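Hello,

Here is the structure I promised to pass on to you. Please have a look at it first, and then read my notes underneath.

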Amino acid sequence: MSTGHQYETHQHDVLVIGAGGAGLRAAIEASQQGLSVGLVCKSLLGKAHTVMAEGGIAAALANVDLEDNWKTHFRDTMLGGKMLNNWRMAQLHAQEAPERIKELEHWGGSI
């Protein structure tokens with residue numbers, strides 16, 4: 001019994017589900033490691049949650065205040081989450097964010 005639908009199949013080493021900032025970054029990294037990457041998103045590429053979010057991206061770059069560092073960012077993140085955050089993930093985010101911002105700038109991203 002035929003349903004009348006035709007399906008394509010694709011073989012990839014990595015399948016990334018979600019094309020927001022994290023999904024796209026994971027796809028880029030896997031591709032740079034020489035892996036074949038498939039990317040699935042539920043809406044138009046470029047209209048993911050990251051793009052549609054009002055808050056943008058946060059990082060302590062010390063470009064305005066030299067005292068602004070990852071510890072300040074970590075504290076603000078934990079307080080903003082009413083201390084319910086996974087502290088280790090918040091710490092990693094605060095520590096890695098400046099390099100990720102520089103990476104985006106290098107790639108030509110607008111922040």
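Leu-24 is a good place to begin: with a relative accessibility of 33%, Leu-24 counts as partly exposed. In this predicted model, Leu-24 belongs to helix α1. From its C-alpha to that of Leu-39 the distance is 8.1 Å, although the two are 15 residues apart in sequence.

That pair leads on to the strands. Strand β1 (residues 14-17) and strand β2 (residues 37-40) run parallel and are joined by four bridges. Between them the chain passes through helix α1 (residues 21-32), and the resulting β-α-β crossover is right-handed. If you want to check the register, Leu-15 is opposite Gly-38 of β2, while Val-16 has Leu-39 of β2 as its bridge partner.

How far can you trust the coordinates? For the protein chain the mean pLDDT is 84, and 85% of the residues reach 70 or more. Among the elements, β1 has the highest mean pLDDT, 96, whereas helix α2 (residues 49-52) has the lowest, 62. Where pLDDT is low, predicted coordinates should not be read in detail, so I have left the finer points of that helix alone.

Next, have a look at helix α3, where you will find His-73. Is His-73 buried or exposed? Its relative accessibility is 9%, and because the cut-off for buried is under 20%, His-73 counts as buried. Beyond its neighbours within four places in sequence, His-73 is in contact with Ala-58, Ala-59 and Ala-60, and also with His-93, Ala-94 and Ala-97.

Some of those names come back in helix α4. Ala-94 and Ala-97 are among the buried residues of α4, together with Ala-90, Gln-91, Pro-98, Ile-101 and Glu-103. The cover over these buried residues includes α1 and α3.

The course of α4 deserves a look as well. What happens at Ala-97? There α4 bends by about 45°, and a proline, Pro-98, follows within four residues. As for the span of α4, its 21 residues should cover 30 Å at 1.5 Å a residue, and its end C-alpha atoms are 29 Å apart, so the two values agree.

Last, the backbone of the loop between α3 (70-80) and α4 (87-107), where Lys-82 is placed. Met-83 is found in that loop too. Most residues other than glycine have a negative phi. Lys-82, however, has a positive phi, near 55°, and the phi of Met-83 is positive as well, near 65°. Which side of the cut-off do they fall on, buried or exposed? Exposed means over 50% relative accessible area, so Lys-82, at 66%, counts as exposed. Met-83 is likewise exposed, with a relative accessible area of 52%.

Those are my notes; I would be glad to hear your own reading.

Best wishes

Conventions:
Residues numbered from 1 in each chain as written. Predicted model: local features only at pLDDT ≥ 70, side-chain atom pairs only at ≥ 80, totals over all residues. Heavy atoms only, no water. Pairing = 2+ DSSP bridges. Helix = DSSP H or I, 4+ residues; strand = E, 2+ residues; numbered from the N terminus. Right-handed = clockwise from strand over helix to strand, strands pointing away. Buried < 20%, exposed > 50% of the residue type's maximum accessible area, 1.4 Å probe, protein only. Contact = heavy atoms within 4.5 Å. pLDDT = per-residue confidence, 0-100. Expected span 1.5 Å × (residues − 1). Bend = angle between axes of the 7 residues up to and from the residue.
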